[in-house]
Structure formats: structure tokens, C-alpha cells
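Me: Could you take a close look at a single part of this structure and describe it carefully, with the cut-offs behind each term?

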Amino acid sequence: MIYRFKMQTSFPWRGAWGCSGAMALLLFLSATSWADRRDRPSGPATAGGIQAYVPPADSQRPREAHTTGGVRGCGDDIAALAPRLDFIGQTASTQPTFVWYNFSDDNDPIEFQLYRYQPDGSFAEVTTEQFETSQPGFMAYTLTDDEAIAVGETYLWQVVLYCDTEFEQPGQYTSADIEVVSLPANLSTNLPDDAVERAAVYGQAGLWYEALAAVYNATTPAAGDLREALLLDLATLEAQAEQLEAEELSEQLQEIAQQ
């Protein structure tokens, strides 16, 4: 059963509780081309005039106001690392990776939730995964074969920190929408073998989830530089939204980008 938790907007919640209860294939960027971008102007991040993340022109607007918040006092902020305010991040994968940032070092239990938007505006649960402990910093969840999502559909994903190991007392939460699209024909072949260069191509093609999934854990300096570039571009884009939370979200993304 899905409960609708209401703060500034409505969110789906799982459990026995509620509020009362273009795209041309661009030049492959060298792995070092992102390195000198830390002190950048207010516009989108560029490397030789190229943005790390270019939002898709056909993206939908989010169906929910995805602001981070909390129900109880435990834990610290968590942030869905995806477009949230003015447009929906896209993926061409039916088993995408979802990435978020956890500011808490309390190792609280954590739950990943995924819902499909129904034509009537309701939610259909796709999957819920619970983990007894969390970790500070970048975290991610990749859908399994049994959890695969469908091209042409839009979903809401949500991460909730809990105050108890029984997953009955929700703490901090964060959410975002995701839209599943067909892979552009010009990206189906001739992609770079190098993971960072391939992520750069995905980012410029508007496939946010593929781009960030490849570099979020930043095992090399090149991956770290591209991760920073993607997050700084997103911070700039979110700052342009009209919502009251835009500036705060942008600043939070900038802080995460420097990690």
C-alpha cells in the first residue's frame, strides 16, 4: 500500500505509516579536459565551450516538487543527484543506476523506493529495497533484471533514511523523477571504449543517469573531474528554476561537487 506523505507536495511512501501515520555524436573529450573548471563563471560548466551536461530539449517537467526534507529528527540531509526542479533527467537504460549523496555518518538504515506514474496520477510500486546500514558520501542503487523499467514511462524514485532498524520511523528523504527514452540511433555505435569519455558523450546527449553512473564513485582523477563538471552544470541549471528551493539546492550540489 502506498501512502501519500504531504509537506509542500505529495510523495509516495511505503509501509504502514503516513503523515499521521543532438543529438549528434560530439567529439570525445579527453579525460583531462575537465580539470581546470573549479573556478568557473555562473553559466553552465564548459570545457572548450562544451557543457558536461546538456538537458534534453524534449524533457518533461517534474510531476512532483522534489525537495529534500525529513519527518523526524534523526540523520542528516540526503540529496538525489538528478534533475529535480524544472526538468526530468533521462535514461536510455531499463536498469539504470540511481545515485544520491548522504551527508549523515550515522549509518542509519536506508530504503530505496521506485514508483511508476499511472495515467490517473497515482503511483504503482515497482520495487523497494532496504539496507540495514548506510554510508556517508555517494551511494547508488542499480535495478536488477526483475526490476527493469520500460521505455516511454516516467518514474519517481525516492530514498529514505530511517531512525530505527525496523524501518518504521522515517527520517530524512529525497526524491526525483526519471524518464526512460530510446537510445538515440547515433549513440548505439561508435561510443568510446574509455568509460569517462563515454560518460562525457552521454552527458552531452542529455542522458544524465548514464553519465553520472559511470563516474559517481570517481576511481580516477578523470572520473572525479567529470563528476564535478556534471554536478556543477546541474547546480547552475537548478539555480535558474523559479522555485524557492532553487538557490539552496544549487548550493548543495556545488558543495557535493567539491567532494
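Reply: What follows is a close look at one open sheet, set within the whole chain.

This is a predicted model, in which local features need pLDDT of at least 70 and side-chain atom pairs count only at pLDDT 80 or more, while totals for chains, interfaces and linings use all residues. Residues are numbered from 1 along each chain as its sequence is written, and side-chain values use heavy atoms, with hydrogens and water left out.

The protein has four helices and 13 strands, where helices (H or I, at least four residues) and strands (E, at least two) are DSSP runs numbered from the N terminus. Buried residues, meaning those under 20% relative accessible area with a 1.4 Å probe and protein chains only, make up 51% of the 259 residues.

The sheet in question is open and consists of three strands in the order S6-S8-S11, with antiparallel pairing; two strands pair if DSSP finds at least two bridges between them. Strand S6 (78–80) and strand S11 (137–142) stand at the edges, and because each has a single partner strand, one side of each is left without a neighbour in the sheet. From one strand to the next the twist averages 25°, with axes taken as lines fitted to C-alpha atoms and angles running from 0 to 180 degrees between N-to-C directions.

Between S6 and strand S8 (residues 97–102), which run antiparallel, there are three bridges, and Ile 78 stands opposite Asn 102 in S8. Strands of a sheet pair through backbone hydrogen bonds, either parallel or antiparallel.

Notes:
Buried < 20%, exposed > 50% of the residue type's maximum accessible area, 1.4 Å probe, protein only.
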